[in-house]
Amino acid sequence: DLAWPGEIFLIYAARSTEEFAFRDELEYLQRRHRNLHVLATMPRSEGTAWMGPEGQITTELLQASVPDLPRRRVHLCG
């Protein structure tokens, strides 16, 4: 919210779309701050419209989602 100028990556795992905490707020912040990158992953539950990554946070997911991973600020949740 203080508009830190660096790139920020939030990688978030949830059990379902219902448990995706602060989803609306994170989407708003992404629209407001181009340097904020949010990636959520969760199982595809029947009856939901989730089209993002599926499953847990893995090394492969991190490497594919965060360019130059060793030099980045990454926040993990889940």
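Reader: In this predicted model, which residue meets the side chain of Arg23 in a salt bridge?

Author: The model is predicted, and its count of salt bridges comes to 2. Arg23 lies in helix H1, which covers residues 23–32, and its partner stands 4 residues away in that helix, so that about one helical turn separates the two. The N to O distance of this salt bridge is 3.4 Å, and the partner of Arg23 is Glu27.

Reader: Are Arg23 and Glu27 buried, partly exposed or exposed?

Author: A residue counts as buried under 20% relative accessible area and as exposed over 50%. Arg23 has a relative accessibility of 30%, and Glu27 has a relative accessible area of 33%. Because both values fall in between these two limits, Arg23 and Glu27 are each classed as partly exposed.

Reader: What is the N to O distance in the salt bridge of Arg71 and Asp68?

Author: The side chain of Arg71 is exposed or not according to its residue's relative accessible area, which is 70% and makes Arg71 exposed. Asp68, with a relative accessible area of 43%, is partly exposed. The side chains of Arg71 and Asp68 meet in a salt bridge with an N to O distance of 4.0 Å.

Reader: How is the aromatic pair of Tyr12 and Phe20 classed?

Author: The count of aromatic pairs comes to 1, and this pair is formed by Tyr12 and Phe20, with 5.1 Å from centre to centre and 20° between the planes. Tyr12 and Phe20 are both buried. Because planes under 30 degrees apart count as stacked, the pair of Tyr12 and Phe20 is stacked.

Reader: How many residues make up the largest nonpolar core?

Author: Tyr12 and Phe20 belong to this core, as do Leu10, Ala14, Leu26, Ala40, Met42 and Trp50. Apart from the largest core lies another one of 6 residues, including Leu39, Leu61, Leu62 and Val66. The number of residues in the largest nonpolar core is 8.

Reader: Which residues of strand S1 point the other way from Ile8, Leu10 and Tyr12?

Author: In a regular strand, side chains alternate between the two faces of the sheet. Strand S1 spans residues 8–13 and is mostly covered, with 6 of its 6 residues buried. Ile8, Leu10 and Tyr12 point one way from S1, while the residues that point the other way are Phe9, Ile11 and Ala13.

Reader: What is the bridge partner of Ile11 in S2?

Author: Strands S1 and S2 run parallel and are joined by 6 bridges. Within this pairing, Ile11 has as its bridge partner in S2 the residue Leu39.

Reader: Which residue offers the backbone oxygen that the side chain of Asn35 reaches?

Author: Asn35 is placed in the loop between H1 and strand S2 (36–41), and with a relative accessible area of 12% Asn35 is buried. Leaving aside residues up to four places away in sequence, Asn35 touches Trp4, Pro5, Gly6, Glu7 and Ile8. The side chain of Asn35 reaches, at 2.5 Å, the backbone oxygen of Gly6.

Reader: How many Å apart in space are Met51 and Leu69, C-alpha to C-alpha?

Author: Met51 is found in the loop between S2 and helix H2 (59–65), and Met51 is exposed, with a relative accessible area of 69%. Met51 and Leu69 are 18 residues apart in sequence, and their C-alpha to C-alpha separation in space is 24 Å.

Notes
Residues are numbered from 1 along each chain as its sequence is written. This is a predicted model: local features need pLDDT of at least 70, side-chain atom pairs count only at pLDDT 80 or more; totals for chains, interfaces and linings use all residues. Side-chain values use heavy atoms; hydrogens and water are left out. Buried means under 20% relative accessible area, exposed over 50%, partly exposed in between (1.4 Å probe, protein chains only). Rings of Phe, Tyr and Trp (its six-membered ring) pair if their centres lie within 6.5 Å; planes under 30 degrees apart count as stacked, over 60 as edge-to-face and the rest as tilted. A nonpolar core is a set of buried Ala, Val, Leu, Ile, Met, Phe, Trp, Tyr and Cys residues joined through side-chain atoms within 4.5 Å. A polar contact is a pair of N or O atoms within 3.5 Å; within protein, one must be able to donate a hydrogen and the other to accept it, and residues adjacent in sequence count only if both atoms are side-chain atoms. Contact means heavy atoms within 4.5 Å. Two strands pair if DSSP finds at least two bridges between them.
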